[in-house]
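Here's a quick tour of a ligand site and two of the residues beside it. Have a look at the structure first, then read on.

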Amino acid sequence: MSPHLLSFSMSYPVFTCRVSAISPPRSSPSCALPPPLSSGSSSALQCPHFEACSGCSHELHLHRPVVVDEATDFFKSMGVSDFTFDSCRVREWRCRAKLAVRGSPLNPLIGLYEEGTHNVVDIPQCKAHHPNINATVEILRRGIKQLNIEPYDEDQGTGDLRYVLMAVTTYNTSLPSSERYINGRVQVSLVWNSRNENSPSAKKLNELALFLWRNGGSKSEVPLIHSVWANFQTSTNNVIFGNRWRLLLGDREFWEHIGGIDISLDPSSFAQANTQAFESLLWKLQKYVPYGASVTDLYAGAGVIGLSLAATRKCRSVKCVEINKDSKQSFEKTVERFPKSVDSSISWHQADASIKPSSWLMGSDVIVVDPPRKGLEPSLIDALQMIALVGRKEKSPSPEGYLNVKEEKRPWILRAREASVHAGKGWTLQSNKELIPEILIYISCGWESFKEDCKALVSSKAWHVQKAHGFNFFPGTGSIEVLAIFKRGPREQLKKKKTEKKRKKRLHDKKSCQ
Ligand SMILES: C[S@@+](CC[C@H](N)C(=O)[O-])C[C@H]1O[C@@H](n2cnc3c(N)ncnc32)[C@H](O)[C@@H]1O
């Protein structure tokens, strides 16, 4: 079997399309998911690698990390007294793992770095991994030994296999839904220390891919592996992946059913590691988006959140903004599979959300932000504050003028904006550009940065927090994912209190004059 190779064309920064809407799902996703494996008496990690491995920092009470109490208090101080926390699955939750490969051909180490070092700890019995990741790692280990594959040596810059990315798809409609999770198949990406597939070490790469496929591929005795990819990386810095990806064996298409739609995910695109917890978050999020809303999804990755909203909330328009051009391909494939009945204007833009952010914010009812752990860039926070305050000033200059949207001259931004103008339903960017967002949905994986961003957003009463929910995205780590819903302007009851105070004062003044 000869490996077949893939070639990407990434010349267009923007992808725009028009599709039509499906009915919102009637049932909650929890019916479709198997119960968490851990739903027993104990929520302790019980992992033999705890302490040696840096992956988990907490061994006990995985169902409720300590930070949940802090989050509850924090949101109370923001006026939200009903913060909820969804414990989700506490073990075998990780469906996406990036593992370093070090050691020697006879004794390969496949795992994470020991805390504060670059020593790799082998973690064959990791309790966070989906079990099929651990099983595939064992096939890989055998392959390295049998084929004498040289793991990477960071000090010398020598060796062939640097990292492996393992991603599980639980999309298999031929199985009953209760069996899909546990029978997930693994997409294996081998990060190879060469420039491309023509380097002298490519023969070894192909041999290793074939070994994996023979022992875990679709025709093997125990089919575990969905596909084998190669990523080529020769840089000596800490960046894990290079720019070149090639499919070697198996299925190019990698699908997951999440948030009510089929989502395509290439290995080069960002994808959430905890598929089931993300599913829970998406279903909670959807109910905060009004039907027919115009949505901007910033930090969109492959557009999972925006596209799920387009389909389930019948959005008028959805604009996804993402810096990584490699996510575009997954977005395109997902849109191709959208049901014909979905009727939204949808676009994906390769852009840095922190550069002239107001150009992305204006014209939408709802803004979704899902930034990396470090949180929002100051320019985006400023723009979010600004639009909220502009919206309150009745006689202020038009938001467009105020926010300098017209001054944009960079051709790529102008092209991107042009491509967002859609025909259909009488809606154009021109008629909509003065629309100021009413709702801001903040999804955060970085608790510390979220608190700072939240305080900045509510300062000067530009926004207030209306609801907040937590999700156990990373059991064992002490971190949680937060979903916070902000509404534009000050909190209603505060306004009422003020009016009441003023009314009493007027009454008092009147009485004292009499
Ligand atoms: C936490 S991920 C969220 C992705 C997506 N919302 C999802 O759930 O699949 C953050 C994403 O933001 C992107 N990103 C980081 N900095 C960015 C920026 N300045 N502008 C736009 N996107 C950015 C990353 O490439 C990554 O895809």
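## Around the ligand

The shell around the ligand is made up of 12 nonpolar, four polar and three charged residues (Ala, Val, Leu, Ile, Met, Phe, Trp, Tyr, Cys and Pro count as nonpolar, Asp, Glu, Lys and Arg as charged, and the others, Gly among them, as polar). Keep in mind that this is a predicted model: local features need pLDDT of at least 70, side-chain atom pairs count only at pLDDT 80 or more, and totals for chains, interfaces and linings use all residues. Numbering runs from 1 along each chain as its sequence is written.

Of the 19 residues around the ligand, the nearest are F270, Y299, G301, I323 and A353 (near means a C-beta atom, placed from the backbone, within 6 Å). Helix 6 (304-312) and strand 13 (317-322) each give the shell at least two residues; helices (H or I, at least four residues) and strands (E, at least two) are DSSP runs, numbered from the N terminus.

An unreviewed UniProt entry lists Q272, Y299, E322 and D370 under "binding site", though such annotations may be inferred rather than shown by experiment.

So where do two of these sit? Y299 is in the loop between strand 12 (294-298) and helix 6, while E322 belongs to strand 13.

| Residue | C-beta neighbours within 10 Å | Status |
|---|---|---|
| Y299 | 21 C-beta atoms | buried |
| E322 | 25 C-beta atoms | buried |

Buried means 20 or more other C-beta atoms within 10 Å, exposed 12 or fewer, and partly exposed in between, with C-beta atoms placed from the backbone.

Leaving aside neighbours within four places in sequence, Y299 is in contact with E322, A353, V369, D370 and P371 (C-beta atoms, placed from the backbone, within 7 Å). On the same basis, the contacts of E322 include Y299, G301 and W348.

Notes
Two residues are in contact if their C-beta atoms, placed from the backbone, lie within 7 Å.
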